[in-house]
Amino acid sequence: MKKTDSLFIFLLLLLPAISLAQEKDLCLSCHQGLTRGIVKDWEASKHFQNGVDCSICHGDQHNSASNAHLAIMPNVETCEGCHTDQAGQFKEGKHALAWIAMNAMPKTASQPEEIMDGLKGCGGCHRIGLDGGKCDACHTRHKFSREEARNPLACATCHMGFDHPQYEMWSTSKHGVIFQMEKNFQMEPSGTDRVPRCQTCHMIEGTHRVMTAWGFMGLRLPEEDKKWEEWRLTILKGLGVLDPQGNPTSRMDVVKNGKVARLSSEEWKAERERIVKVCKGCHSNSYVKENFDRADAILKQADSLMAEAITVVEGLYQDKILKKQADYPMFPDLLKFYDVPTSIELKLYVMFLEHRMRTFQGAFHINPDYMHWYGWAEMKRDLWEINEEAKKMRESKK
Ligand code: HEC
Ligand code: HEC
Ligand code: HEC
Ligand code: HEC
Ligand code: HEC
Ligand code: HEC
Ligand code: HEC
Ligand code: HEC
């Protein structure tokens with residue numbers, strides 16, 4: 001080979017690198033001024049250090065002010081090529097199902113467009129599962145920092161509030177309080193903490209698959225405890241997963257596809273074992289066992305109140321004191337949320353989604369106040385008020 005030939009080949013090999021560099025400069029030439037904050041965050045990232053440029057994630061189709069719509073909005077697939085383990089684990093966990101779960105709710109479609117569009121409400125949190133999954137839910141763009149995602153505050157925007165206040169529960173539990181006193185939010189690998197944070201228990205050693213035994217709904221099938229089974233069947237009818245005769249409806253498919261409940265005892269136990277092992281790193285076997293036994297028993301007690309309340313309202317349907325709902329004839333439908341015609345049905349939904357959740361979630365997150373006063377005590381009050389109102393409705397019918 002002549003010298004000029006090899007020089008030519010060398011230059012040819014250099015071309016893609018030159019064009020990449022040009023592309024990067026092109027993006028920066030506008031975005032340096034246009035979106036300075038984004039460029040600054042990216043420059044502070046490991047991606048910048050490793051040459052992961054704008055166009056690697058956003059493509060190179062958009063290159064002028066008039067074609068911004070051609071920029072690709074990255075999802076889990078974009079990251080998967082370089083972060084196979086994290087993306088694979090994420091896809092097996094519940095975060096990847098968040099968008100599907102939201103859309104499977106019977107009420108989602110009938111909410112006003114202003115409420116559902118624009119990722120302000122439901123979608124603002126469930127976006128974590130949008131389009132296969134959005135990794136920037138915990139490592140926000142464009143820093144994509146590991147340190148940031150290790151901080152329990154990374155979970156707070158979503159795991160808070162009305163029906164899942166895990167952040168509030170954890171941060172005021174002994175675990176959370178000690179964590180804040182000692183760490184002042186300086187993040188080291190979770191194995192080195194004196195007390196656990198969200199990630200220690202739910203993303204064990206950095207595993208991106210999140211799933212728990214009870215799940216959000218606190219339901220499992222099958223149930224060995226006969227009394228509990230009876231109460232649970234009533235709740236499943238109230239959720240429309242079973243029809244009034246106890247046969248599965250199409251909502252059972254949603255439960256299966258969305259992994260809403262563990263549907264075999266092996267599956268349930270496997271999830272439980274995973275988390276029990278974490279506690280045992282710091283507490284004795286018997287201390288841990290007692291804690292879980294008590295929390296399970298609290299859920300059972302909560303289910304007894306819940307089933308009683310559902311049965312009272314169902315009785316009003318049976319006796320035609322409450323009007324049958326066209327699309328769901330016999331049981332009250334808990335999944336209608338706040339879009340219900342009477343105050344007694346509204347109370348039933350709040351009892352289920354706010355107070356039953358707080359009771360059992362508070363027990364597992366070792367927060368006495370959430371378990372008792374925000375949870376159990378409120379359920380007792382709900383049941384009392386539901387009974388009073390049912391009595392009045394029956395009297396006024398006479
Ligand atoms: C000639 C200027 C220009 C160049 C070059 C340019 N952009 Fe943009 N880009 C814009 C403008 C203008 C917008 C719209 C900004 C707005 O809505 O405020 C935009 C928007 C975007 C968006 C957001 C799109 C959306 O739907 O919100 C992304 C992502 C993006 N650019 C990435 C890139 C990448 C990657 C490159 C390089 C391959 C690049 N840009 C090159 C001007 C430019
Ligand atoms: C590691 C991948 C990655 C790189 C590299 C990257 N981005 Fe992004 N970018 C994202 C993700 C993820 C989103 C959010 C997508 C979504 O909202 O669905 C995003 C969103 C954006 C947006 C729109 C959202 C907003 O906050 O305005 C702009 C503009 C943007 N990027 C510009 C850039 C520019 C300019 C660069 C280079 C300096 C860059 N990005 C580099 C992953 C990346
Ligand atoms: C072209 C390959 C590539 C793509 C695509 C890519 N990354 Fe990275 N990422 C890297 C490299 C290289 C590092 C640095 C690894 C190291 O230092 O060990 C990194 C590091 C990270 C880190 C760790 C940062 C830290 O603080 O230690 C996170 C988090 C991350 N990437 C998230 C993402 C996300 C989310 C996406 C998709 C939006 C993405 N990456 C897309 C190559 C990539
Ligand atoms: C952008 C919002 C968002 C962020 C941030 C977020 N999550 Fe989630 N998380 C969700 C949603 C939505 C679900 C429900 C998904 C489903 O079940 O379909 C969920 C589900 C879970 C579950 C599964 C519960 C079950 O059903 O078994 C665990 C555990 C969890 N998240 C832990 C975490 C932890 C720990 C963090 C922080 C490191 C975190 N999440 C950050 C929105 C978020
Ligand atoms: C503040 C953030 C946030 C908002 C707003 C939000 N969700 Fe969620 N949603 C979550 C989190 C976090 C979970 C998981 C909680 C848990 O497991 O304890 C969840 C769980 C769910 C589940 C149960 C999934 C399962 O597999 O168990 C459904 C269904 C759901 N949400 C639908 C909706 C709908 C519909 C809306 C709007 C009416 C909505 N969510 C609003 C964060 C949110
Ligand atoms: C629920 C929050 C959450 C989401 C969503 C999330 N991560 Fe992470 N990620 C973490 C946490 C926490 C760590 C730090 C684990 C540790 O080392 O303690 C981490 C660490 C990482 C690292 C660094 C790993 C290492 O060993 O250096 C990469 C890369 C990464 N994540 C990529 C991704 C990708 C890709 C996605 C989307 C598929 C994603 N993450 C989604 C919480 C999250
Ligand atoms: C000490 C360990 C521990 C810590 C720390 C912890 N959790 Fe949990 N979490 C649990 C246990 C135990 C369960 C119930 C597991 C089961 O069903 O077997 C649970 C359940 C959950 C669930 C499913 C619904 C529920 O609440 O029962 C979500 C979602 C969740 N945790 C999120 C979080 C978030 C977010 C944080 C941080 C703010 C956090 N957890 C902190 C142990 C922990
Ligand atoms: C990284 C170590 C660590 C892990 C993991 C851990 N704990 Fe703890 N836990 C502590 C420390 C330290 C305390 C404070 C001791 C005290 O209360 O005197 C504590 C306190 C407690 C308390 C007493 C709370 C109170 O209000 O007095 C209970 C109950 C508890 N943990 C249960 C659990 C359970 C259940 C798990 C697993 C789901 C778990 N812990 C995981 C370290 C840990």
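# A guided tour, from ligand 2 to the nonpolar core

Begin by selecting ligand 2 together with Lys134, where an N or O atom in the side chain of Lys134 lies 2.6 Å from an oxygen atom of the ligand. Keep in mind throughout that this is a predicted model.

With ligand 2 still selected, add His58, which has a polar side-chain atom 2.8 Å from a nitrogen atom of the ligand, and then Arg141, whose side chain brings an N or O atom to 3.3 Å from an oxygen atom of ligand 2. The elements that each give two or more residues to the shell around this ligand are α1 (3–34), α2 (36–43) and α4 (54–58), and the largest share, three residues, comes from α4. If you now show the whole shell, you will find 18 residues, of which Cys54, Cys57, His58, Lys134 and His142 come nearest. Coloured by class, the shell around ligand 2 divides into nine nonpolar, four polar and five charged residues.

Next, select ligand 6, which also has 18 residues around it, with Cys135, Cys138, His139, Arg146 and His208 coming nearest. In the side chain of His139, an N or O atom is 2.8 Å from a nitrogen atom of ligand 6, while the side chain of Arg146 places such an atom 3.0 Å from an oxygen atom of the ligand. The side chain of Arg150 likewise has an N or O atom 3.0 Å from an oxygen atom of ligand 6. Two or more residues of this shell are given by each of α5 (76–80), α6 (84–92) and α10 (146–150). By class, the shell around ligand 6 holds nine nonpolar, seven polar and two charged residues.

Move on to ligand 5 and pick out its iron atom, for which the protein provides a single donor, the NE2 atom of His126, at 2.1 Å. To place this residue in the chain, highlight helix α9, which spans residues 122–126 and contains His126.

For the last stop, leave the ligands and select the largest nonpolar core, which has 50 residues, those with the most contacts inside it being Leu239, Met306, Ile344, Leu348, Met351, Phe352 and Ile386. At least two residues of this core come from each of α15 (226–238), α16 (251–257), α18 (285–318), α19 (343–364) and α20 (368–397), and the largest share, 12 residues, is supplied by α18. Finally, centre the view on Leu239, which, leaving aside its neighbours within four places in sequence, is in contact with Leu219, Arg251, Asp333, Leu334, Leu335 and Phe352.

Technical notes
Residues are numbered from 1 along each chain as its sequence is written. Chains are lettered from A and ligands numbered from 1 in the order in which they are written. This is a predicted model: local features need pLDDT of at least 70, side-chain atom pairs count only at pLDDT 80 or more; totals for chains, interfaces and linings use all residues. Side-chain values use heavy atoms; hydrogens and water are left out. A nonpolar core is a set of buried Ala, Val, Leu, Ile, Met, Phe, Trp, Tyr and Cys residues joined through side-chain atoms within 4.5 Å. Buried means under 20% relative accessible area, exposed over 50%, partly exposed in between (1.4 Å probe, protein chains only). Helices (H or I, at least four residues) and strands (E, at least two) are DSSP runs, numbered from the N terminus. Contact means heavy atoms within 4.5 Å. Donors are N, O and S atoms within 2.8 Å of the metal (3.2 Å for Na, K and Ca); water is not among the atoms, so sites may look incomplete. A residue is near a molecule or strand if one of its heavy atoms lies within 4 Å of it. A polar contact is a pair of N or O atoms within 3.5 Å; within protein, one must be able to donate a hydrogen and the other to accept it, and residues adjacent in sequence count only if both atoms are side-chain atoms. Ala, Val, Leu, Ile, Met, Phe, Trp, Tyr, Cys and Pro count as nonpolar, Asp, Glu, Lys and Arg as charged, and the others, Gly among them, as polar.
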